[in-house]
Amino acid sequence: MTGAWNLVRLILRRDRILLPIWVLLLGALPGTYATSFFELLPDDAARATFAATTASNPSVEAMLGPIYGSSIGAFTAQRVGFLYAIVGLVNLLTVIRHTRTEEDAGRRELVAATAISRHAPLTAVLAVTFAANLLLGLIAAAGLSKTGLPSSGSLLIGLTLAGTGWVFAAIGALVAQLTEGAGAARGLGIAVLGAAFLVKAAGDGAASSVSWASPLAWGQHSRPYEGDQWWVAALFVIVAAVIAVPAYRMAASRDVGAGMVPARLGPAEAAPRLSTPLALAWRLHRGLLAGWTAGFALAGLLFGGAAKAASDVLSSNKEMADLLAKLSGGSSVTDLYLAEIMGVSAIVAAAYGIQAALRMRAEETGLRMEPVLATSVGRIKWAAAHLVFAVLGPAVALAATGLASGLTYGLAVHDLSGQLPRVLGAAVVQLPAVLVLTGITVALFGLAPKLTSAAWGALAVCLFLGQLGALLQLSQGALDISPFTHVPKLPGGTVTATPLITLTAVAAAFLVVGLYAFRRRDVTTG
Amino acid sequence: MYVRNMENAITVSGLHKSFGRTHALNGLDLQVAVGEVHGFLGPNGAGKSTTIRVLLGLLKADSGTATLLGGDPWKDATTLHRRLAYVPGDVTLWPGLSGGEVIDLLGRLRGGLDPQRRKDLLERFDLDPRKKGRTYSKGNRQKVALVAALASDVELLILDEPTSGLDPLMEGVFRECIEDEKRRGRTVLLSSHILAEVEALCDRVSIIRNGQTVESGTLEQLRHLTRTSIVAELATPIGTIPGVHNLAIDGAKVRFEVDTEKIDDALKHLSHAGVRSLVSHPPTIEELFMRHYQAEPDQTGAER
């Protein structure tokens, strides 16, 4: 392991801002959940109601995780559910950033030529993420105990957060060896994470043990504060090690720059169709489109199938079914569940829209826009080709999830012709809100190209308002900032045209402003 | 200075462009006549790439005028670009597209390319068009861009340091190709800091520094502005030679530099003392170049 220590210092130097941010932020969040629950639910009666209603709603269990009791600890452990996926994502991206991205940029070569061992680069990044996750877990445990929760359950939450990070760091290390190129590694890693999230959501929503197949579910299945299962913490360590071993083997046996799956030769001449900016954009976006559409369809199949099971669970609880029906103004429990699923799908579809629109900026900074603009392709035509995918791509993905969930749900309740259009409509109605985020990305690209990735911040705000706005009792004015607040709750709710037209107009205005500014600005490369 | 007696493919005057506090161009002038190969010389950061990007309508100049093929490079960008081909200094390709696909795509976006010439160029540059963009080396990426540009049917070639990644053999092929282009009557703007290349290929050169043109003309004209160095061994030592520079006398051996118009006087002076041997060499472009660059340290300017 010669040289690993120096590489650790290099990683710490490069991530001196990013690393502390995610460790502190993700570590601090669980404690704040507990604090807000203590304030919101001061007595046992309120806690019992919350446990019997909101917390055991199948759509909440699908998104966050199972509920094992009516204590503040149980609520906090459920709320932490989302964090497991985020910790997983951060670790995945961090490991790929310090392995495959380095190789792509040719910097690994520079480092490998110095006196370091073959295993040092992978060891260094895994050591850093191991320590960072452990620290994150300890901060979370300390924050939770400070609120007055039992320290053993708090430590278990901390350890399972860290453990999830370790498993996904190992997965990151593995996919970085398998593929050729950081983009492909990220794609594969995120696909694995997405699949893990879907399995957990489908399993937990239907109270099925299927969710044990997903590492993202283990943390909550260790039942923190409600009969702590310590052996689960060991499970994380074992699985992370089992995944890391083949990653090490491949890292040592392959050439620098090569993947285990080698790149094939391409055609010597372009097909006749490859002669327009749109054809080029199709080549650059088709993988993304296929991946997202497949993911959305798969999610739709799972959630649509689980909807029936979810409502079965609920209808056994007469009291709660009545309460929910009252709260929702007559909508059925399944409709509420499906509406919740569509709301989350919309946020994810917006992430796709942003990612597709950001390709424009990547083409610009990657110096691949310049040679195209130096041909007779105008700027608007070039941008429009990419926007076809940033606008229609999320539409296709939403339609896929609507069709798939409508199909499995319709089949489950033996009413395909009735349910399919309802569920499809519920998915497609999200599109105007999704396009607002695409529009924001394009506006930033035109007006402030260096800040284009701030569009992710806009999505984070929407996610925050949607997931936590109600819990934190924010004002309607604040909630209205998010375009997703204005989407009709379908299926089951009523549709009014005004918000949909307004959202579409806002999205179109952002697009036009962005394109106008892009046409007049300098091409920047920095 | 160059006299405008033909139509110009490129006319730039008083061009200014700054990025924040950095002044990349400080009143740059450039004239490229139709049918000539024009060398665009300058050290890194002098503003060569910025000028080219303004000419391509990728950057908007702060002030000054630029005319390209009779049009406005900013407003008429798309129509003008049908008539030109550009090879950037830093070629990046789409990782998933093969070299052949990139060549065809860029050619078609410009308005077509000559398949025979494409085949011919691939052979001459010894380039495998089936490889994917991510697997090419820097030199091979540059070859892809060069083949795409040279096989296109255009009037003007704008080449930004096109040989910086090529090996000497391929640089030779590149020179042959540019000679061909010259014969076809195409105009070439060749930005470079490889002096031998410019000396071999260019009809005229413009030397820029800190965003300004410091010298422009044919190589002969530019040589005329500079000095010839002479080393001579004399029969009898002499005290001094009027009108020469950097005179060094070592017994009977003298070494000095002389302005072109004063060579005759200096030689007359030497012959009075009796010349045993004489070596004279004309100014190289290197000397020309160094004379302008070493004059004073960089103050402003950053290449973009």
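In chain B, the centres of domain 1 and domain 2, taken over C-alpha atoms, are separated by 43 Å. This is a predicted model, in which local features need pLDDT of at least 70, side-chain atom pairs count only at pLDDT 80 or more, and totals for chains, interfaces and linings use all residues. Residues are numbered from 1 along each chain as its sequence is written, while chains are lettered from A and ligands numbered from 1 in the order in which they are written.

Here are the domains, whose bounds come from an automatic or database domain assignment.

| Chain | Domain 1 | Domain 2 | Distance between C-alpha centres |
|---|---|---|---|
| A | residues 1–31 + 82–261 | residues 276–526 | 28 Å |
| B | residues 8–217 | residues 227–282 | 43 Å |

Let's look at where the domains of chain A meet. Nine residues of domain 1 of chain A are in contact (C-beta atoms, placed from the backbone, within 7 Å) with 11 residues of domain 2 of chain A. On the domain 1 side, helix α11 (residues 182–205) of chain A gives the most, with six residues; helices here are DSSP runs of H or I with at least four residues, numbered from the N terminus.

Now for the interior. The largest nonpolar core (buried Ala, Val, Leu, Ile, Met, Phe, Trp, Tyr and Cys residues joined through C-beta atoms within 7 Å) has 224 residues. Buried means that 20 or more other C-beta atoms lie within 10 Å of a residue's own. Helix α16 (residues 333–365) of chain A provides the largest share of this core, 18 residues. Which residues have the most contacts inside the core? They are Ala170(A), Ala173(A), Val144(B) and Val147(B).

Note on methods
Contact = placed C-beta atoms within 7 Å. Helix = DSSP H or I, 4+ residues; strand = E, 2+ residues; numbered from the N terminus. Buried ≥ 20, exposed ≤ 12 C-beta atoms within 10 Å, placed from the backbone.
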